[in-house]
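Here's a quick walk through the model, with your sequence and structure viewer open alongside. We'll go from strands to domains to a helix, and finish with some backbone oddities.

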Amino acid sequence: MNYKAVFFDLDETLYPMGNESIKVITDRMNEYIRRSLAIPDSEVKNFREDLYKTYGTTAKGLVKNYEVDLYDFMHYVHNVDISPYIQPAPEVRALIEKIQIPKFIFTNSDRFHAIRVLKLLDNYQCFDGIIDFLDVYPYCKPEQEAFEKALAMTGIDSGRGCIFLDDNPTNISTAHQLGFYTIQVGSRARSEEADAFLSRIEDLPQLEIYSEIIT
Ligand SMILES: [Mg+2]
């Protein structure tokens, strides 16, 4: 098969799950919600998780239901130093650089965060483009429309012939239904619709499909 492109999720796909950077950003989200919506400390975590589950991103839930200014929220949550937590990943860089078809980041986060993380990983130069959540707004992964917008942005007519990597099983399911070859990365509950599994991105070269996209 002639594959057309690879779409990589960013957070907890290109670096291991449980990274401290996610925690500090989540803490900022909690703080924002506590202060701007006057939600008691004890309820903030559940409140945020409910939004995340219902809307795919916390930001979207806040904007839709609570008149939160999207840019104010994004600025606030990312106004924290994550550089101590993400180190260069030369092995990941090398395996991505070998891929001969277009490579895109497709993230539910924003471009500012994506660029910052990619630079800390030292693999910013490996990608042909970044599709962030504003690019596909008002949709986001796992919604089908988000994938369709991402494909349209890259000039690709269908998920068929594309490869999609993500740590989130729900995102994997939608991608599979749209015809992508899906690779679930990490240790979350496995989606039955994943075509392949990797516990870490570094193992990508072990999949047969890798040999088809590096030549
Ligand atoms: Mg992720």
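## Strand 4 and its partners

Strand 1 (residues 5-8) pairs with strand 4 in the parallel sense, over 4 bridges. Keep in mind as you look around that this is a predicted model. If you want a spot to start, find Ala 5: its bridge partner in strand 4 is Cys 162.

Strand 4 also has strand 5 (residues 181-185) to pair with, again running parallel and joined by 4 bridges. Here Ile 163 has Tyr 181 of strand 5 as its bridge partner. To get from strand 4 to strand 5, the chain goes through helix 8 (residues 169-177), and this β-α-β crossover is right-handed.

How many residues of strand 4 are buried? The count is 5 of its 5 residues, across 162-166. Both faces are covered: Cys 162, Phe 164 and Asp 166 sit on one side, with Ile 163 and Leu 165 on the other.

Just past helix 8, in the loop that leads to strand 5, you'll come across Gly 179. Is Gly 179 buried or partly exposed? With 14 other C-beta atoms within 10 Å, Gly 179 is partly exposed, because buried takes 20 or more. Once you set aside neighbours within four places in sequence, Gly 179 is in contact with Ser 158, Gly 159 and Arg 160. Gly 179 and Phe 164 are 15 residues apart in sequence, and their C-alpha atoms are 9.9 Å apart in space.

## Two domains

The protein splits into domain 1 (5-16 + 87-213) and domain 2 (20-78). Taken over C-alpha atoms, the centres of the two domains are 24 Å apart. Their contact takes 11 residues from domain 1 and 6 residues from domain 2.

## Helix 1, two faces

Helix 1 covers residues 20-36, so to speak a 17-residue rod: from first C-alpha to last it reaches 24 Å, close to the 24 Å expected at 1.5 Å a residue. Its buried residues are Ser 21, Met 29, Tyr 32 and Ile 33. Those four are on the same side of helix 1 because they cover an arc of only 110° around the axis. What covers them includes helix 2 (41-55), helix 3 (58-66) and helix 4 (70-78).

Which exposed residues are on the face turned away from the buried side? You'll find Glu 20, Lys 23, Asp 27 and Arg 35 there. After helix 1 comes Ala 38, with a positive phi near 50°.

## Backbone oddities

Most residues other than glycine have a negative phi, and most peptide bonds are trans. Here are some spots to check against that.

| Site | Feature | Value |
|---|---|---|
| Tyr 137 to Pro 138 | cis peptide bond | omega near 10° |
| Lys 141 to Pro 142 | cis peptide bond | omega about 10° |
| Glu 12 | positive phi | phi about 65° |
| Asp 122 | positive phi | phi about 60° |

Where do these sit? Pro 138 is in the loop between strand 3 (129-131) and helix 7 (144-153), and Pro 142 lies in the loop between strand 3 and helix 7 too. Glu 12 belongs to the loop between strand 1 and helix 1, while Asp 122 is in the loop between helix 6 (111-121) and strand 3.

As for surroundings, Glu 12 counts as buried, with 20 C-beta neighbours inside 10 Å. Asp 122 has 15 C-beta neighbours inside 10 Å and counts as partly exposed.

Definitions and conventions: Residues are numbered from 1 along each chain as its sequence is written. This is a predicted model: local features need pLDDT of at least 70, side-chain atom pairs count only at pLDDT 80 or more; totals for chains, interfaces and linings use all residues. The expected span of a helix is 1.5 Å times one less than its number of residues. A residue is buried if 20 or more other C-beta atoms lie within 10 Å of its own, exposed if 12 or fewer, and partly exposed in between; C-beta atoms are placed from the backbone. The arc is that of the directions from the helix axis to the C-beta atoms. Two residues are in contact if their C-beta atoms, placed from the backbone, lie within 7 Å. Two strands pair if DSSP finds at least two bridges between them. A crossover is right-handed if, with the strands pointing away from the viewer, the path from the first strand over the helix to the second runs clockwise. Domain bounds come from an automatic or database domain assignment.
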